[in-house]
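The following paragraphs offer a guided reading of one protein structure. Please keep the sequence and the model in view while reading.

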Amino acid sequence: MFNRIKNKVLTVVAPDQPALPPGPGHQSYGGGGGGGAGSRGGSGNKDLDAAGKRLPKKFQYARPPFLQLLTYDELKASADHNVRPIIVPRDIALLPWSTGYAECVNSGKSKWNEDQAAFHRQVLSHPSRQYHELPYTYFGIYDGHAGYGAALAAANQFHYILHEKLVDIIDLLMPRVESENGGAGGGGGMPSANLPHPGLFHKQVSKDELIVGALESAFADMDAVLAEDRDKYRNAGGCTALVALFILGKLFVANAGDSRGVLCRRLRRRKTIPLHYPGSSNDTGGERNGIGGSGGDDPVTARQQDVDEFEVVAEPCSFDHTPDTERPRLLTVGKHNPALLGGEYIAMEYAKKPTTKDLGARILYRQGAMKGWTYKTLTATDLKIPLITGTGKRSRLLGTIGVTRGFGDHDLKALGSNLPIKPFLSAHPDVVCFDLCQVRSVPADENADGEYGILVMATDGLWDVSESQQVANTVFGTLKRFPAERHRYTMVAQELVARSRGRANESGHWRLSDSRAAATVDDISVIVIPVHQYYLEYREWTQTVAARNSRAVRAGQVEVPAAPEEEAQVAREEAGRPAGAPDLSSESSESEPPEEAQEAENNLNTINVGQPATGKAPLGLADALPAK
């Protein structure tokens, strides 16, 4: 009873919802800093320049553009910490492939929602027109801490940096056009002497490695941009980064931080079960195996049945970067750079927390990249504060921050010691690649979403209270309830956010709906992407390129623009299909096996094999690099 009264009093004196921000004309609205560090780290805000003048903000605070929250009142309503409304796009046509998105604000740890999300559909095209245009799609989700500035900057700038990195390798990724004199040329047949040729490389380089390198360098450059901006604009804090890139029929997922990407799949599993024959001679318990025992000579009773069943699996696309998971790397940095510890911390891990009573005793420890344990004699130096404290999601670096990779945090200092934390942090992502051309689809199953997967990208507000397998089950459970709904992927995202947000009880505390466990109090942002929809788009693109190549050859190595219908007709002929066969982009052909798409891609790779050197027909996707 006393605790309930105390909670009521605390709710009145210090309500869960902080003071609402002032109107648009006030300086505090849209600032680059603001918001507490929460569980992520200490302050380190820098809002003034060397002369003491307040720095300007680089980007006005806003939610993702596809949510269409355009007025200040709409922004303020979306940040209601008492209601925590779930926000979804008003028009799903703004997102490609009917992709779903949902978000909700935290329960009061920061004034605004510090998460950000973005997507961009771009086309790589060479200025000389000697390459076919290559489309790609990017999604990004960024979880800010110590302010929303870094996440907002990444959402507004990262796609430009990534595009530049992809343009740098454009001549190695895209199909090339041969000029009449046998060299690579543009629309006027001018040779290009600057194109690198794979024969000049001393190491085998694949397209996948080029794309991974583009993502890795884009992450590094985005972090460098935030470092340069800290003396020009208001402090941005830091953010994690989770990026998905769809290009060349593959899915690349790059992650730095504790946001997570999971590819939820529903796969067919073959299971053999005995048939059931009531009333048979050896029917005991209502079931009969038919193998062994009486009646084994009866071909009917000795029969078994293969039954297909589906299993939902959650394939990880990223790995969390916390002080606990990155303990070897962080201890190695501290071991080789003792000055970063300031004489107050020690880069060691002990099997048992040492005390003064243990001085002179032997104790198990490890340091640096050690995976095992060994003994040492405990000294007074070993009693310093460990570089990493706690375990799991409660682990902290220098007692301050709970995430070890991402963008920003250039001015972050350790609590109580003022030591810089940035030297221990990294913007380098882990990158995972999925080749969608390797998926084997069974048309009769009508299970394209299950075979190619549903990519769920979410900030840690979801994963703090949900396991990956639980999320995968929720995804396909929701899709099963709404098999024909146009907004079904948005409904999946909304369901995931609602489950992790939970409900507020009488005391104003948020609890999970299916239990009394605490729900997440953090910002939650979820993107749900139907991967198969991209793959259909990719198949159509490969057919278009193959059709243009074929038409150029038939026209005497001169490429002539054609209508999309004509391109599709030529593609069908190249693939060996009759003129009346349905187009791959049509609804009736969505479940066709990927062999035809692979054949279309092979057309890109081999259509010019054996052609004269004088041809202008484009070479294939694989001509820029040696085969893997």
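A convenient place to begin is Arg84, which lies in the loop between α2 (72-78) and β1. The model in which it is seen is a predicted one. Although Arg84 is not a glycine, its phi is positive, at about 50°. Its relative accessible area is 0%, and Arg84 is therefore buried. Ala146 can be described in similar terms: this residue other than glycine has a positive phi near 60°. Ala146 is placed in the loop between β3 (134-145) and α3 (149-168). With a relative accessible area of 5%, which is under the 20% limit, Ala146 counts as buried as well.

The wider setting may now be given. The protein contains 13 helices and 20 strands. It has 628 residues, of which 50% count as buried. Its accessible surface amounts to about 28800 Å², and carbon and sulfur atoms contribute 53% of that area. Among contacts with a separation of 6 or more, 72% are between residues 24 or more positions apart.

The loop that holds Arg84 leads to β1. What is the burial state of the residues of strand β1 (residues 100-104)? Five of its five residues are buried, and the strand is mostly covered. In a regular strand, side chains alternate between the two faces of the sheet. In β1, Gly100, Ala102 and Cys104 point one way, while Tyr101 and Glu103 point the other way. Both sets of residues are buried. Strand β1 runs antiparallel to β20 (residues 524-530), and five bridges join the two. Within this pairing, Gly100 stands opposite Val528 of β20.

Cys104, in β1, has a relative accessibility of 1% and so counts as buried. Cys239 also counts as buried, because its relative accessibility is 1%. A disulfide is a covalent bond between the sulfur atoms of two cysteines. A search of the whole structure finds zero disulfides.

Aromatic residues form another theme. The count of aromatic pairs comes to 18. In one of them, the ring centres of Tyr535 and Tyr538 are 6.1 Å apart and the planes meet at 35°, so the pair is classed as tilted. Why are these two tyrosines separated by about one helical turn? The reason is that Tyr535 and Tyr538 are three residues apart in helix α11 (residues 531-554). Both Tyr535 and Tyr538 are buried. Ring pairs also link them into a cluster whose members include Tyr101, Phe119, Phe246, Tyr452 and Trp541. Tyr101 of β1 thus belongs to this cluster, because ring pairs with centres within 6.5 Å are what join its members.

Rings also meet charged side chains. The charged end of Arg266 sits over the ring of Phe310, at 4.0 Å from the ring centre. Lys376 lies over the face of Tyr365, 5.6 Å from the centre of that ring.

The last stop is an open sheet of three strands, ordered β9-β10-β11 and paired antiparallel. Strands β9 (349-350) and β11 (374-377) stand at its edges with a single partner strand each, so one side of each has no neighbour in the sheet. Strand β10 (residues 362-366) is joined to β11 by four bridges. Across this pairing, Tyr365 has Thr374 in β11 as its bridge partner. In general, strands of a sheet pair through backbone hydrogen bonds, either parallel or antiparallel.

Technical notes. Residues numbered from 1 in each chain as written. Predicted model: local features only at pLDDT ≥ 70, side-chain atom pairs only at ≥ 80, totals over all residues. Heavy atoms only, no water. Buried < 20%, exposed > 50% of the residue type's maximum accessible area, 1.4 Å probe, protein only. Contact = heavy atoms within 4.5 Å. Areas by Shrake-Rupley, 256 points an atom, 1.4 Å probe, with all protein chains shown as cover. Pairing = 2+ DSSP bridges. Disulfide = S-S within 2.5 Å. Phe/Tyr/Trp six-rings, centres within 6.5 Å; stacked < 30°, edge-to-face > 60°. Lys NZ or Arg CZ within 6 Å of the ring centre and 35° of its normal.
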